[in-house]
Amino acid sequence: MQRLVDNALAVTKDGVSSFNHFIHELSVDSDTSSTDYSSGEDNLDGICPASPSSHVSKTSRTSTRISHDWHWTDWMAYIFSWILLPARFLLGVLFLLFRLLNIRRSKVSSDPGSPRPRNFHSFRKVHSSKDHVVHRTTDRRRGVIEDLHLAIEIFIEAIFDMFHKAVHWVLSPSAVFRIFVRWFSSLICIDHDVLNASVPTATLGDNNPAPTERNLTLHQALNTDARTCQDVIAELGYPYEAIHVITADGYVLLLERIPRRDARKTVYLQHGILDSSMGWVSNGVVGSPAFAAFDQGYDVFLGNFRGLVSREHVDKNISSRQYWRYSINEHGTQDIPAMIEKIHEIKTAELKISKPDEETNDEQPYKLCAISHSLGGAGMLMYVVTRRLKEKPHRLSRLVLLSPAGFHDETNFLFTVAHYLFLLLAPILAPFVPAFYIPTRFFRMLFNKLARDLHNYPAVGGLVQTLLSYGFGGDSSNWVGVLGLPHFNMNDMPGLSFRVTHHLAQIKSTRKFRMYDYGSTSANMEVYGSPEPIDLGEYYSLIDIPVDLVAGQKDQIINSSMITKHYKLMKDGGVDVSYKEFEYAHLDFTFSHHEELLAYVMSRLLLVEPAPKRQSSEKALKLKKKGQASS
């Protein structure tokens, strides 16, 4: 250990601290967290070609190398180094503490008998291949604590270099001039080389897998994970298509697709509150509903509600207050209808092109099932009921609702207090708080990195997990894991409209699944044609398709008794409805990997027979005549 400290604090004869090598190796290790490299430069050069970063580091070391013999200036520098020994000792102790912490963490994580690994990378190694896929698709970031650790080590190195160079510059001004000239000339060469550097790369899945050259970009995204649903789907080898849908009130929605264009079986997945389509693919190939449906032969569509901080709208100058002016009503009467009509338009056109010999009439040539979670389930029920009230086709063949919202009579004490307090303060807060979200890129980046720290440090992550579980009434969902999803990034993330929150509070206080109450008889009359909002539960008898309700026994966000309330109303209305309970918490339906749940959901989808293939009348007539002639 003493030799480790001496090596870290030593100043070599060529004027470069050996700590500089440590910082260089640390930066390489942090970028390639799961790969081990040899420390010998000669061996590396003989095995693989040098990268641009290695050329830059070699050039910087060469440019700062000073060759001089021992003379009186070196003896003075030696004396000054002893004078500054206390400062060096204190800084060395600080560095040693951080070094010991790293060594201890690496030993604990490498110990096969250790029950709890100490960092995220070792956590991935001790899990199965399925779990490896899960974490690879959810988190690739460096946390705040790791950034501070690296910054402190670089600061210590800078202090050593400052003292060393200050003494040398004072005692040898001629050498300083030569250093400045060399540094200036090498800086020009380095800038020119780096700006024009290229890296050989190969993209999996290209027709020509030979390495191609691409320019080296110097801009870093602060080591945050800003991947989208498209990135996750594409890196797992599945096809992807993005479709922009414009609602009747001008909102631009992203409808994502894992296309199987000739399939007559189609499934539409709709996420819940503060979620996105990422929730349906975050568990990797094995544990995600979207991939499971595609592997079963379905054309998969992933819906996204309005409500991102990027505020996509046809009116580019729309204000924040105007954008966030929506409730659950708009999810069920604007967002879902726009996306389902777009699905109908796409599937009808594609099947007409791919199957030209088959008859096309007013009946849709495909079967569309919907899987929804939480708030998405409430929006889907609202969509079906309102379409039936307007006598418009809803185009659905079956509904699978995973812990759907709609009734919130029974909630924990904290939720109950928050609901009634929100109703009390709503008139005061409404003019000032249009929505709840993180408004600036800096704080979103900070949130992104703190979520990474919760993965890196199990003690802190476990504490936060416990606090959130108690805060949500004992719900055992993987809250820390959900915070690490890539859609909570510095560029964009889901927000929560004030009216959506107010709508949920109204549902709890009235104990009815009602549409939004605008607060006055005249406003309700204008929207609904009645002084009171529509009670959707009273119209469940209009639902003309099978519905599968799934509840979680450990779900404390939407209690299983609230799902049974949906079930009883539907059963009394003559709806073909089924009810199933699993021992899951609220977020386990989308984020956690449960083969039992996936098997059940797929079995319900398979109950819907594909649309029958019908030959065109002309071709059928020709075949009939041919058969008569042959007979």
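## Annotated transmembrane regions

The unreviewed UniProt entry lists residues 75–98 and 417–438 under "transmembrane region". The structure discussed here is a predicted model. In that model, 59% of the stretch 417–438 is helix and 9% is strand. The C-alpha atoms at the two ends of this stretch lie 24 Å apart.

## Packing of α17 against α21

Helix α17 spans residues 413–429 and packs with helix α21, which spans residues 498–510. Their axes are 9 Å apart and form an angle of about 125 degrees. The two helices are therefore oblique to each other, since an angle of 125 degrees falls neither within 65 to 115 degrees nor over 145. The crossing of α17 and α21 is left-handed.

On the α17 side, the contact is made by T416, H419, Y420, F422, L423, A426 and L429. Helix α21 contributes F498, T501, H502, L504, A505, Q506, K508 and S509. Sorted by class, the residues in this contact are eight nonpolar, six polar and one charged.

## Overall composition of the chain

The chain has 631 residues, of which 45% are buried. Its secondary structure consists of 25 helices and twelve strands. Of the contacts between residues at least 6 apart in sequence, 76% join residues at least 24 apart.

## The environment of S276

S276 belongs to the loop that connects β5 (265–270) with α12 (284–287). This serine has a relative accessible area of 10%; because that value is under the 20% cut-off, S276 counts as buried.

When neighbours within four places in sequence are set aside, S276 is in contact with H271, N304 and H487. A further relation links S276 to F488: these residues are 212 residues apart along the chain, and their C-alpha atoms are separated by 9.7 Å.

## The environment of R387

R387 is located in helix α16, which comprises residues 375–389. With a relative accessible area of 13%, R387 is likewise classed as buried, because the value is under 20%.

Apart from residues up to four places away in sequence, the residues touched by R387 are P337, E341, K392, P393 and H394. Among them, K392, P393 and H394 follow helix α16 in the numbering, whereas P337 and E341 precede that helix.

Methods:
Residues numbered from 1 in each chain as written. Predicted model: local features only at pLDDT ≥ 70, side-chain atom pairs only at ≥ 80, totals over all residues. Heavy atoms only, no water. Helix = DSSP H or I, 4+ residues; strand = E, 2+ residues; numbered from the N terminus. Buried < 20%, exposed > 50% of the residue type's maximum accessible area, 1.4 Å probe, protein only. Contact = heavy atoms within 4.5 Å. UniProt positions renumbered as here; feature names shortened; annotations may be inferred. Axes fitted to C-alpha atoms, helices over the stretch in contact; angles between N-to-C directions. Parallel < 35°, antiparallel > 145°, perpendicular 65-115°, else oblique. Left-handed = near helix turned anticlockwise from the far one by under 90°. Nonpolar A, V, L, I, M, F, W, Y, C, P; charged D, E, K, R; others polar.
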